[in-house]
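Work through the exercises below with the sequence and the structure at hand. Try each task before reading its solution.

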Amino acid sequence: MSITYLKKGKPEAERAEDDQKTRAIVEGTLKDIETRGDAAVRELSEKFDDYSPESFRLSQDEIDALIGELSEQELADIRFAQEQVVEFAKAQRASMTDIEVETRPGVILGHKNIPVQSVGCYVPGGKFPMVASAHMSVATAKVAGVPRIVACTPPWQGRPNPAVVAAMHLGGADEIYVLGGIQAVGAMAIGTETIDPVHMLVGPGNAFVAEAKRQLFGRVGIDLFAGPTETMVIADDTVDAELCATDLLGQAEHGYNSPAVLLTNSRKLGEATLDEIDRLLKILPTADTAGVSWADYGEVILCDSYDEMLAVADDIASEHVQVMTDRDDWFLENMTCYGALFLGPRTNVANGDKVIGTNHTLPTKKAGRYTGGLWVGKFLKTHSYQKVTTDAAAAEIGEIGSRLCMLEGFVGHAEQCNVRVRRYGGRNVPYGTGAEPTGAPATDRKTG
């Protein structure tokens, strides 16, 4: 394999140093929230968002008033996007069925898909109020049947963002709080005097939100471990530099540390894309953010072949992978590690982020190697059950189970089996021994 970097990003060691600083800050903040509850949450909101209302939870009247600030077109667009997400989530939910099978006469096994009972959905704000994130978390949880959905979003320009609140409400949130950052995630997971804790946290966020979710995992469930937005464009000479540069910078504007990678087998396209990015950064209104991400984390990787491009793409396991080649379906068939694929020049990541219907909360930092993104199934727990319905089955399974328990030295376990063999099989199994095979001659019998 021979690859050439026409541009390389910040070394991994420097990125790890940044992560360590974030980890220490989050750990101390979460301890403070656990110790002081609402008081700590309010202090953090005042410090970071300059926001301290009488109640962080919005009343129904406040929600209605905020929704009333939106135009008919804005509401229609929000509803359209939410409908696409809901319809896809419903189709996914329909694919997950409860099962029950009789594996042997009288032995019934099954599983049920049960919704998580309470979920905290974080919807980022900051520079960009993420309206679409409310669809992805709140509306999807609703389709899954979650009984209690709590939604938090930071204030935007000193007040609740009407569009985000509308999306949360229309998506089915039961409680809406105007809270951001670590204080929001910590309050939902740990609980305070005024916020009951949830069973699961979902939703994207900045490095501090992501680290808070990582540290809270175990106390609560989470959707996935997430880092800064990542994008990869896999392209050959069937497309031009404008498309590649636009798709790279469109995701680099998320933050100052959003990796954007062009993977190509065309030196001409790679060099032209570098020039086009320089041109676009002079006119892009969000260049102050996108330009930093591109300077520190942007890469252009030149490969010799499509097979090599595939291998590099799977190794990087990017969150968003835009494929624009003469063999897009080949990449769909063969790629195994990514967050989501966006196939062909007519497709783009922004459509996936905002409106097309697939979920935009996706794995980053190579997590696409072992997990997919947020979907309706993340809100469901698959629980098994067993039922033995005949005396014969109880005796048969009990006999074999008894011997297997004794093989491992679990005498108490064996007795759970033995008592069924005695009651339902009518056989005298000496206490603390393994049940002999049915019909075994006395000379062949062995005990624990």
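**Exercise 1. A three-stranded sheet**

The model is predicted. Find the residue that stands opposite asparagine 113, then describe the sheet around this pair.

Solution.
Step 1. The residue opposite asparagine 113 is threonine 382, which belongs to S14.
Step 2. Strand S3 covers residues 107-115 and is joined to S14 by nine bridges in the antiparallel sense.
Step 3. The sheet is open, has three strands in the order S2-S3-S14, and its pairing is antiparallel.
Step 4. Strand S2 (99-104) and strand S14 (380-388) are the edge strands; each has a single partner strand, so one side of each has no neighbour in the sheet.
Step 5. From one strand to the next, the twist averages 20 degrees.

**Exercise 2. Strand S4 and its partners**

Decide whether strand S4 (residues 118-122) is mostly covered or mostly open, and state how S4 pairs with S5 and with S7.

Solution.
Step 1. A residue counts as buried when its relative accessible area is under 20%. In S4, five of its five residues are buried, and the strand is mostly covered.
Step 2. Sort the residues by direction: Ser118, Gly120 and Tyr122 point one way, while Val119 and Cys121 point the other way. Both groups are buried.
Step 3. S4 pairs with strand S5 (residues 148-153) in the parallel sense, over five bridges. In this pairing, glycine 120 is opposite valine 150 of S5.
Step 4. S4 also pairs with strand S7 (residues 200-202), again in the parallel sense, over three bridges. Here cysteine 121 has valine 202 of S7 as its bridge partner.

**Exercise 3. Cysteine 152**

Is cysteine 152 buried or exposed? Give its strand and its contacts as well.

Solution.
Step 1. Cysteine 152 is placed in strand S5.
Step 2. Its relative accessibility is 0%, so cysteine 152 counts as buried.
Step 3. Leave aside neighbours within four places in sequence. Cysteine 152 is then in contact with Cys121, Tyr122, Val123, Met168, Tyr177, Leu179, Ala184 and Met188. Cys121 and Tyr122 in this list were met in Exercise 2 as buried residues of S4.
Step 4. For a separation, take glycine 426: cysteine 152 is 274 residues from it in sequence, and 61 Å from it in space, C-alpha to C-alpha.

**Exercise 4. Helix H5**

Find how far helix H5 (residues 131-144) reaches, and how many of its residues are buried.

Solution.
Step 1. H5 has 14 residues. The expected span is 1.5 Å times one less than the number of residues.
Step 2. For H5 the expected value is 20 Å, and the first C-alpha to the last spans 20 Å, close to that expectation.
Step 3. Of the 14 residues, 12 are buried, so H5 is largely enclosed by the rest of the structure. Among the buried residues are Val131, His135, Met136, Val138 and Ala144.
Step 4. Glycine 145 follows H5 and has a positive phi, near 95 degrees.

**Exercise 5. A six-stranded sheet and two helices**

Write down the strand order of the six-stranded sheet, then place helices H9 and H11 on it.

Solution.
Step 1. The order is S1-S11-S10-S9-S12-S13, in an open sheet with mixed pairing.
Step 2. Strand S1 (4-7) and strand S13 (340-343) stand at the edges with a single partner strand each, so one side of each is without a neighbour in the sheet.
Step 3. The average twist from one strand to the next is 20 degrees.
Step 4. Strand S9 (residues 231-235) and strand S12 (residues 320-324) run parallel and are joined by five bridges. Isoleucine 234 is opposite valine 323 of S12.
Step 5. Helix H9 (residues 241-252) lies across S9, strand S10 (260-264) and S12, at about 170 degrees to S9.
Step 6. Helix H11 (residues 287-297) packs on the sheet and touches S1, S10 and strand S11 (298-302), making about 45 degrees with the direction of S11.

**Exercise 6. Glutamate 415**

Which backbone atom does the side chain of glutamate 415 reach?

Solution.
Step 1. Glutamate 415 lies in helix H16, residues 411-425.
Step 2. With 10% relative accessibility, glutamate 415 counts as buried.
Step 3. Its side chain reaches the backbone nitrogen of glycine 432 at 2.8 Å.

Terms used. Residues numbered from 1 in each chain as written. Predicted model: local features only at pLDDT ≥ 70, side-chain atom pairs only at ≥ 80, totals over all residues. Heavy atoms only, no water. Helix = DSSP H or I, 4+ residues; strand = E, 2+ residues; numbered from the N terminus. Buried < 20%, exposed > 50% of the residue type's maximum accessible area, 1.4 Å probe, protein only. Polar contact = N/O pair within 3.5 Å; in protein donor to acceptor, adjacent residues only side chain to side chain. Pairing = 2+ DSSP bridges. Axes fitted to C-alpha atoms, helices over the stretch in contact; angles between N-to-C directions. Contact = heavy atoms within 4.5 Å.
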